[in-house]
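Trainee: I am new to this structure and should like to understand how its descriptive terms are applied.
Mentor: Then let us set each value against its definition.

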Amino acid sequence: MTGPSARSNTTAVPPYEIDLAIIGGTGFYHLDNNPDLKQVLKFVETIHETTTPWGKTSSPVTVYKTVTTGKYIGFLSRHGLHHEYSPTTVPYGANMALLKHLKVKAVVAFSSVGSLKEELKPGDFVIPDQLIDRTKGVRQSSYFNETGLVGHVSFGNPFCKELGQFLHALGKEIDNHEVHYNGTLICMEGPQFSTRAESLMYKSWGSEISVINMSCVPESKLARELELPYQMVCMVTDYDSWRLEEHPVTIDEIKKTLQKNNDNAFKIVCKIVTSLDQNGSPEFMANNPYKGHTQSSISTKPTRDPKHINEQKIKELNYIFPEWV
Ligand SMILES: CSC[C@H]1O[C@H](OP(=O)(O)O)[C@H](O)[C@@H]1O
Ligand SMILES: Nc1ncnc2[nH]cnc12
């Protein structure tokens, strides 16, 4: 699994490591043009060559540096710079592989979501601790597919608790803004929204059921295979389709809250950057709690029959797991 061959035509590694990656979702396509962020982050470069063994990413990665301690922050737009990729067609494998290749130490992923609870209002943020996968199996959700290796990573807690706590503490500091901690996110296939019956069914699953989106799977699963601390920050835009006295969710309704949510997302990013500069890297970034978990999750035995192994595909794993050499 050695040598540059597995990397030919793929992104070169820059001479620095990216400390934190931000993934922007619907309505959140860049980190530029925000006056507060300009005070704390300086533009470094845009990485345009983003071809990975799993294809091209949905957008370039824009790299910034924190002004005081020079930590590197990367930004990637999940749906593309002009929202060209639907939640089903986002190249999740390429996106997450590139972030790992750039040696990011944690991923904060923003997402617009529908609320499945009265008290989670449009404009509120939710930091979920659990996830229910309602995608339909059409999205590639493992880097081991077709390699001949079988890996079963632990995913009982799909988000990084320490990163979630870090974000919640920072989010709470924003005036006139509610950030709820914990709750279950449902990730549906889409791109069509849920029927009323589906929306009501999700609500009936219990009080932990909080919010719904279309993009946490396989992004979070791939992050876990890549041993990346990952937390989704859910920004509520609507009440989905369970309120029978109101019309079911429409995109026009969602658009009404996107700007306000984007402003608050910028505020959280500002607070993250300021915290990294003032307090240094939190423990989950300094000492990765998932390190080594994926390699030890591989069930395939060294006595495997070579005819079940795809050497080319295994070579490609070098792009994301260079330490396995
Ligand atoms: C435009 S509404 C549905 C769309 O919005 C969310 O996108 P993202 O998670 O990237 O912010 C949701 O997951 C759907 O993809
Ligand atoms: N109601 C909803 N369902 C799924 N994804 C969403 N993203 C924003 N609102 C949503």
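**Reading the terms against the values**

Mentor: By class, seven nonpolar, four polar and two charged residues form the shell around ligand 2. The model is predicted, so local features need pLDDT of at least 70 and side-chain atom pairs count only at pLDDT 80 or more, while totals for chains, interfaces and linings use all residues. Residues are numbered from 1 along each chain as its sequence is written, and chains are lettered from A and ligands numbered from 1 in the order in which they are written.

Trainee: What makes a residue nonpolar, polar or charged in the shell around ligand 2?

Mentor: Ala, Val, Leu, Ile, Met, Phe, Trp, Tyr, Cys and Pro count as nonpolar; Asp, Glu, Lys and Arg count as charged; the others, Gly among them, count as polar. The shell around ligand 1, by these classes, has four nonpolar, eight polar and one charged residues.

Trainee: Which residues come nearest to ligand 2, and what makes a residue near?

Mentor: A residue is near a molecule or strand if its C-beta atom, placed from the backbone, lies within 6 Å of it. There are 13 residues around ligand 2, of which Ser-112, Gly-114, Asn-213, Asp-240 and Val-249 come nearest. Ligand 1 also has 13 residues around it, and the nearest are Gly-25, Pro-87, Ser-111, Asn-213 and Ser-215. Strand 7 (107–115) and helix 6 (251–279) are the elements that give two or more residues to the shell around ligand 1.

Trainee: Which element gives the most to the shell around ligand 2, and how is a strand recognised?

Mentor: Strand 7 gives the most, with three residues. Strands (E, at least two residues) and helices (H or I, at least four) are DSSP runs, numbered from the N terminus.

Trainee: Why is helix 2 called largely enclosed?

Mentor: A residue is buried if 20 or more other C-beta atoms lie within 10 Å of its own, exposed if 12 or fewer, and partly exposed in between, with C-beta atoms placed from the backbone. In helix 2 (residues 92–101), 10 of the 10 residues are buried, so the helix is largely enclosed by the rest of the structure. Among them are Tyr-92, Met-96 and His-101.

Trainee: Why is Lys-103 called partly exposed, and Asn-176 exposed?

Mentor: Lys-103 has 14 other C-beta atoms within 10 Å, and is therefore partly exposed. Asn-176 has 6 C-beta neighbours inside 10 Å, and so counts as exposed. Lys-103 lies in the loop between helix 2 and strand 7, and Asn-176 in the loop between helix 3 (161–172) and strand 10 (179–181).

Trainee: What is notable about phi in these two residues?

Mentor: Most residues other than glycine have a negative phi, and most peptide bonds are trans. Phi of Lys-103 is positive, near 70°, and that of Asn-176 is positive, about 55°.

Trainee: Which peptide bonds are cis?

Mentor: One of them runs from Gly-190 to Pro-191, with omega near 0°. Another joins Val-217 and Pro-218, where omega is about 10°.

Trainee: How confident is the predictor in the protein?

Mentor: The pLDDT is the predictor's confidence in each residue, from 0 to 100. Its mean for the protein is 95, and 97% of the residues reach 70 or more. Over residues 1–8, however, the pLDDT is below 50. Where pLDDT is low, the predicted coordinates should not be read in detail.

Notes
Two residues are in contact if their C-beta atoms, placed from the backbone, lie within 7 Å.
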